[in-house]
Amino acid sequence: MPAITLASRHKEPAMCKHLTETAPFDYLPKSQLDRLRKNNHFLIHAFQNSLSHIKENLTGTYLFLLTDMDGVLLSMDYSPDLETVVEGSPIRPGMIFTAQSCGVNAISVTMDSNEPVLLLPEQHESPYFQSWHCYAAPLSMESQHFGYLDVSTINADMQGELIAIAKLIPAYMQNSYQNQQATEACDKPAVEFTARQLTILEMIAKGFTVKAIALKLKIKECTVNHHKKVIFNKLGVQSSTEAVSIASRLSYL
């Protein structure tokens, strides 16, 4: 894991004014959030499952956040003593943790640097987060980047424990994620693909965009999207990441 960055104090007067006067945090509309959570159901389940094991051994006060690659909050959990604090805060699934939405925060900093970061209370721009010590890190599994993890505490004495917990969670998540996909793959009947669908599936696995696939195969983008839809339906998935993972486990890649 890359070295931990202790973020330097960063101020943007216009953004601070924007936050302190109106605090208009950005949220994903419910319909879009529902689709996003459905597309990331493996990841969310792995996150929740890992916390169910880790929380059994915790005595401190912690807040756990899971976002997608765009900083959208997919899932959260917290210690029982934080229930009133969290319910009275703006933090809820769908919240967008970019600096533009809620000021500089641990997730926004790690999104920019792609490295783990520890942010102290006074380094957050929004007053809502200025009692939190936050450790955030990119979340990758099977060499694929899925999103970001944030573990926060209001107790300064728990910084070391906070970082240790944050380093444990991805390992638990990866095991849970792989077990879920392996189980689902075993339960799936054999899938039949046409030669063109297999070609497109292989190109998706290599990171080709729809436009790049269309140019390479000399077909229309709408045709590529149609093939993608058929491939997703056959594999019973909602995203390219899941399609590649399941197809790999079924030995199509």
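Start by selecting strand 2 (63-68), helix 6 (106-113) and strand 6 (144-153): each of them supplies at least two residues to the lining of the largest cavity. Keep in mind as you click around that this is a predicted model.

**Stop 1: the cavity**

With those three elements on screen, put a surface on the void they help to line. The largest cavity has a volume of about 100 Å³, and the structure holds one cavity of 30 Å³ or more. Now show side chains for Leu-65, Phe-97, Phe-129, Cys-134 and Ser-152, which are the closest to the cavity's centre out of the 13 residues that line it. Colour the lining by class and you should get nine nonpolar residues, three polar and one charged.

**Stop 2: the pocket**

Keep strand 6 selected and add helix 2 (30-39), helix 3 (41-54) and helix 11 (240-249). What do they line? The largest pocket, with about 320 Å³ of space in it. For a view centred on this pocket, pick Leu-36, Asn-40, Met-69, Ser-239 and Thr-241, the closest to its centre among 15 lining residues. Helix 2, helix 3, strand 6 and helix 11 each give two or more residues to that lining. Which element gives the most to the lining of the largest pocket? Helix 11 does, with three residues. Class colouring here brings up six nonpolar, six polar and three charged residues.

**Stop 3: helix 11 against helix 10**

Stay on helix 11 and bring in helix 10 (residues 221-235). The two pack at an angle of about 55°, with their axes 10 Å apart. That angle is why helix 10 counts as oblique to helix 11. The crossing of this pair is left-handed. For the contact itself, select Lys-228, Phe-232 and Leu-235 in helix 10, then Ser-240, Ala-243, Ile-246 and Ala-247 in helix 11. By class, this contact has five nonpolar residues, one polar and one charged.

**Stop 4: helix 10 against helix 8**

Hide helix 11, keep helix 10 and show helix 8 (residues 195-205). How do the axes of helix 8 and helix 10 cross? They come within 10 Å and cross at roughly 90°, so helix 8 and helix 10 are roughly perpendicular to each other. On the helix 8 side, light up Arg-196, Gln-197, Ile-200, Leu-201 and Ile-204. On the helix 10 side, the partners are His-227, Lys-228, Val-230, Ile-231 and Lys-234. The class breakdown for this contact is five nonpolar, two polar and three charged residues. Lys-228 is worth a label: it takes part in this contact with helix 8 and also in the contact with helix 11.

**Stop 5: helix 8 against helix 9**

Last pair: swap helix 10 for helix 9 (residues 210-217) and leave helix 8 in place. Helix 8 and helix 9 pack at about 135°, with axes 10 Å apart. That makes helix 8 oblique to helix 9. Is the crossing of helix 8 and helix 9 left-handed or right-handed? It is right-handed. Select Arg-196, Thr-199, Ile-200, Met-203 and Ile-204 in helix 8, which meet Ile-213, Lys-216 and Leu-217 in helix 9. The residues of this contact divide into five nonpolar, one polar and two charged.

Before you close the session, label Arg-196, Ile-200 and Ile-204: these helix 8 residues belong to the contact with helix 10 and to the contact with helix 9.

Terms used
Residues are numbered from 1 along each chain as its sequence is written. This is a predicted model: local features need pLDDT of at least 70, side-chain atom pairs count only at pLDDT 80 or more; totals for chains, interfaces and linings use all residues. Side-chain values use heavy atoms; hydrogens and water are left out. Axes are lines fitted to C-alpha atoms, for helices over the stretch in contact, and angles run from 0 to 180 degrees between N-to-C directions. Helices (H or I, at least four residues) and strands (E, at least two) are DSSP runs, numbered from the N terminus. Angles under 35 degrees count as roughly parallel, over 145 as roughly antiparallel, 65 to 115 as roughly perpendicular and the rest as oblique. Contact means heavy atoms within 4.5 Å. Ala, Val, Leu, Ile, Met, Phe, Trp, Tyr, Cys and Pro count as nonpolar, Asp, Glu, Lys and Arg as charged, and the others, Gly among them, as polar. On a 1 Å grid over the protein atoms alone, a cavity is a set of points where a 1.4 Å probe fits but cannot get out, and a pocket is an open set with protein on both sides within 12 Å along at least five of seven lines; lining residues have an atom within 4 Å of a point. Grid points are joined across faces, edges and corners, and a volume is the space filled by probe spheres set on the points. A crossing is left-handed if the near helix is turned anticlockwise from the far one by less than a right angle, and right-handed if clockwise.
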